[in-house]
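Reader: Please take one part of this model and go through it closely. I would like the strand pairing described, with register where available.

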Amino acid sequence: MLDFPRWKVAAIWLTLAVLCALSIPSFLPERYTQGWAFAPRVNLGLDLAGGSYLLLEADTNDVAAARVEAMREQVQTEMRRQDPRIEIGEISSRGGKLSFLLRDPRQVDAARERLLAITGSGAGMTGQREWDIQVVDTSRFVLTPTSAGITQAVNSTMDLATEVVRRRIDELGTREPTIIRQGSNRIVVQVPGLQDPQALKDLLGKTAKLEFKLVDVNAVDPQALAKGQAPAGSQVLPYPGNPSGIPLIAVKRNAIISGDMLSDARQEFDPQTNAPQVSLTFDGQGGRRFAKVTRENVNKPFAIILDNAVISAPNINEPILGGRASISGGFTVETANQLAIALRSGKLPVDLKIVEEATVGPDLGADSIRAGILASVVAVVLVAAFLLLTYGRFGVYANFAVTINVFVILGVMALINGTLTLPGIAGFVLTIGTAVDANVLINERIREERRRGRNVVQAVELGYKEASRTIFEANVTHAISGVIMFLLGSGPIKGFAVVLLIGIATSVFTAVLFTRMLVAQWLRRAKPKTIHI
């Protein structure tokens, strides 16, 4: 137990030196570490660094409506497929259902097979039907989403929305945001260090659904347009900048290009007017389709639509080749950059409304840090004094191990890019007690062995050996609690659990292995006949 070869001593010291070195950048201001090739540091959570908290909520009715609209497009595409083509009338989406009439009743079976194919043969991943398909009056199909289908759609939509929110916030350059789902239709966003949440709210408030559609030039009746009436196959959308003075415009329902076909979006300046604009680059499929449509519709207008509102409706003077386009009109540099970020990160599959928000000032965070540091210092000083007065030389070794343990914990957290919160500081202080508890158990066991008449080496060896079992069992129970809090908790609870689990592992290493090495080296060097413990 007390045999430490040179390679083991070197390995222990090297491990501790590396972990302590990793903690150094966390004590330095960021301006001093910006040029370093590798500078891991512990990030401060919202309650310590200050920042913004937002609770976003999605309307499940919007999810159901979007699901119906997506199925509408799938049905149109599938029925137009040649082999053979199935002729259908206009698809209605009233009442949350899809219905359409077959022009040839003899194609009922073929139409049903295609519908079963695009609806997953009527069953989703859970084995439950996501769509009910009915035939009414021998030739009219009615598709109704089931409750299981809507639930599945909400889950997948919220997962996608959470990922889009994460990409948008990462584009802002914030450090260590916390973005998690809460319940079935809410997303919690915490961004440490962000004191002005307005830009964040503006960015998250954009659905960023970009579409290019041809303008319906036949819908020229101003009275019908003002009433929101459009010919079959078209729709009326708001157009605040319409030169005609009517803030509405009729466009074809089917999009020629959507934001899904974008490969990049950047804020640039118009070379002629030097005004801010958003430059778009389409992927291969989008570029080919855009070139084809503009080639076939020269001298016709098309609409650039963002979140179901027309930004502009320029005329196609010539085919637009090269897979690039631009959006201009009333942008500032900031708004153009926000739109570019929103388009790059992808459209939100559902509108998100802010139902709760809060801003934590840096002063409050600084007070928390000071209070946490004060609590840690007081705890360390009192514990160190107790160990020194009670166990003498062995207390010095224990205090050295506790001090090293503090730096090791910070080094491990910096290595995993962890975030320290106020509950994390509580976990930090608790691990100090855990480390001291291990040393108390060891030293009391050594005392007991000395009372039984063991010599110094035997007492120390048995003290570490017997106490290690108890220490291991006690820390296993602590670790089980920490793992449960980490897996089931969120936010502050998870932050507490992370620090606790790291502290348990490092305290066992420093309080048992490291102090045992120090004691063994002292015994081999001094060969004492008695010890004061």
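**The three-stranded sheet and its surroundings**

Author: In strand β5, R140 is the bridge partner of V136. The model is a predicted one, and this pair belongs to a region where β4 and β5 (residues 140–145) run antiparallel and are joined by six bridges.

The pairing extends to a third strand: the open sheet has the order β3-β5-β4, with antiparallel pairing. Because β3 (98–101) and β4 (131–136) each have a single partner strand, they stand at the edges, and one side of each is left without a neighbour in the sheet. On average, neighbouring strands of this sheet are turned by 15 degrees against each other, direction ignored. Helix α4 (residues 60–79) packs on the sheet and touches β3, β4 and β5. The direction of α4 makes about 25 degrees with that of β3.

Strand pairing is also found around β7 (residues 186–192). Strand β2 (residues 51–58) runs antiparallel to β7, and seven bridges join the two. The register can be read from Y53, whose bridge partner in β7 is Q190. Strand β6 (residues 178–182) also pairs with β7 in the antiparallel sense, over five bridges. Here I180 has V188 of β7 as its bridge partner. The hairpin of β6 and β7 has three residues between the strands, and in this hairpin G183 takes a positive phi near 70 degrees. As for exposure, β7 is mostly covered, with five of its seven residues buried.

Methods
Residues numbered from 1 in each chain as written. Predicted model: local features only at pLDDT ≥ 70, side-chain atom pairs only at ≥ 80, totals over all residues. Heavy atoms only, no water. Pairing = 2+ DSSP bridges. Helix = DSSP H or I, 4+ residues; strand = E, 2+ residues; numbered from the N terminus. Axes fitted to C-alpha atoms, helices over the stretch in contact; angles between N-to-C directions. Contact = heavy atoms within 4.5 Å. Buried < 20%, exposed > 50% of the residue type's maximum accessible area, 1.4 Å probe, protein only.
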